[in-house]
Amino acid sequence: MSAVGLTGLAAGTTRAAGPYRSSGGRDTAVILGREVDVSLASPEVVRLFTSFFEAKTAADVDATMAHFARDMTYIDATLGWSWYRWQDLHDLFAGLMPTWPKTAASYPTRIIGDATSALVHFTDTPELFGHEIRPLGAVDFRRGRIVRWIDYWDGRAFTLAGIREQRTPADRFPADFGESAVGERAAPQLRSVVKWLGAAFGAGDASGAAALFHPDAVFDDLAAHVHIEGRTSLADFLRRALPVLPYGAGSRVRHAVGGARGGGYEWTNPGAPAPRGNTALALDRSGLITRLTTVWDSSLWTDGRIGRVQGATILQ
């Protein structure tokens, strides 16, 4: 059983989570004893995620399910496992939580957005699954409760054999990710950047995409293991990589979440070997992208294709 966003557990932590507290500044918070980047998160959404992860770590079914609206969608976008009814999700937790080790936890590492919608980076360590998994979740809220949560993570973290055994076959993979039910409610500033970036990536327009980044921007593709610093180097990389990248030529925006200074978007590319993923964005006050972090399932790619993308980072 995986449903990583729901059932991931971290080794080496106790259930005595303690309350959320600031670590002395607005850039970090201490949640479950760990420093969490909340520099682009509203205080309210930090409190919501703190409460959720503490309830989940405590294996408290009722407290965990109290965070979800009755009309909710929860999907693991890597495995293709979906829950569209509150009771079904409740029953999953009720069956799993009593089996979780007392030292287990699932914890956030970065929160971006506000109490309308947000992205959350979180970690599931090997205690339950035998492999560390680091999903990026896209979450929509309504009146303080979760109405939509979609997790994206790199299936290679689960090993190729493991992910193939667990993944839903392509012909039965869920098509409805629930975005039409919640609508587009991300901040207008973010939606504008997402619109232009998504269009440039989808058209394979490297110059147009690079123009949206700050000169000192940082670009991280967690699935391809690519790290680039600076708009100049990024533009060169995109010129060679966009025809190959799953969020490049042929991709389109599925759904945006987040606030005026940060959030991100889910994307799809039906013609690509890896047809879906999630991208986090941080913006400066002028709306330029200062940091992009994207994740998708590289287990759907060959080693050679990944090597082509990594080779595009080598300046000619």
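In the predicted model, the aromatic pairs number 17. One of them joins F52 and F68 in an edge-to-face arrangement, with 6.0 Å from centre to centre and 80° between the planes. This pair links distant parts of the chain, since F52 belongs to helix α2 and F68 to strand β4 (residues 68-76), 16 residues apart; both F52 and F68 are buried. The rings of F53 and F122 have centres 5.6 Å apart and planes at 50°, and the pair is therefore tilted, the angle being neither under 30 degrees nor over 60. Because F53 lies in helix α2 and F122 in strand β7 (residues 117-124), this pair ties together parts that are 69 residues apart in sequence, and F53 and F122 are likewise buried. Ring pairs further connect F49, F52, F53, F68, Y74, W83, F122, F141 and W149 into a cluster.

The largest nonpolar core comprises 41 residues, and within this core the most contacts are made by F49, F68, L89, I111 and W149. Helix α2 (residues 43-57) is the element that gives the most to this core, contributing six residues. When neighbours within four places in sequence are left aside, F68 is in contact with F52, Y74, W86, L89, F93, R145 and I146. A second core, separate from the largest one, has 38 residues, among them A186, A200, L234 and L292.

Charged side chains are also placed over aromatic rings. R70 lies over the face of W86, at a distance of 3.7 Å from the ring centre, while the charged end of R254 is positioned over the ring of F177, 3.9 Å from the centre of that ring.

Strands β10 (residues 213-221) and β11 pair in the antiparallel sense, with four bridges between them, and F219 stands opposite I228 of β11. The hairpin that β10 and β11 form has four residues between the strands, and in this hairpin H225 adopts a positive phi near 60°. In a regular strand, side chains alternate between the two faces of the sheet. Strand β11 (residues 226-229) presents V226 and I228 on a covered face, whereas H227 and E229 lie on the uncovered one; I228, the residue opposite F219, thus belongs to the covered face of β11.

Conventions
Residues numbered from 1 in each chain as written. Predicted model: local features only at pLDDT ≥ 70, side-chain atom pairs only at ≥ 80, totals over all residues. Heavy atoms only, no water. Buried < 20%, exposed > 50% of the residue type's maximum accessible area, 1.4 Å probe, protein only. Helix = DSSP H or I, 4+ residues; strand = E, 2+ residues; numbered from the N terminus. Pairing = 2+ DSSP bridges. Core = buried A, V, L, I, M, F, W, Y, C linked by side-chain atoms within 4.5 Å. Contact = heavy atoms within 4.5 Å. Phe/Tyr/Trp six-rings, centres within 6.5 Å; stacked < 30°, edge-to-face > 60°. Lys NZ or Arg CZ within 6 Å of the ring centre and 35° of its normal.
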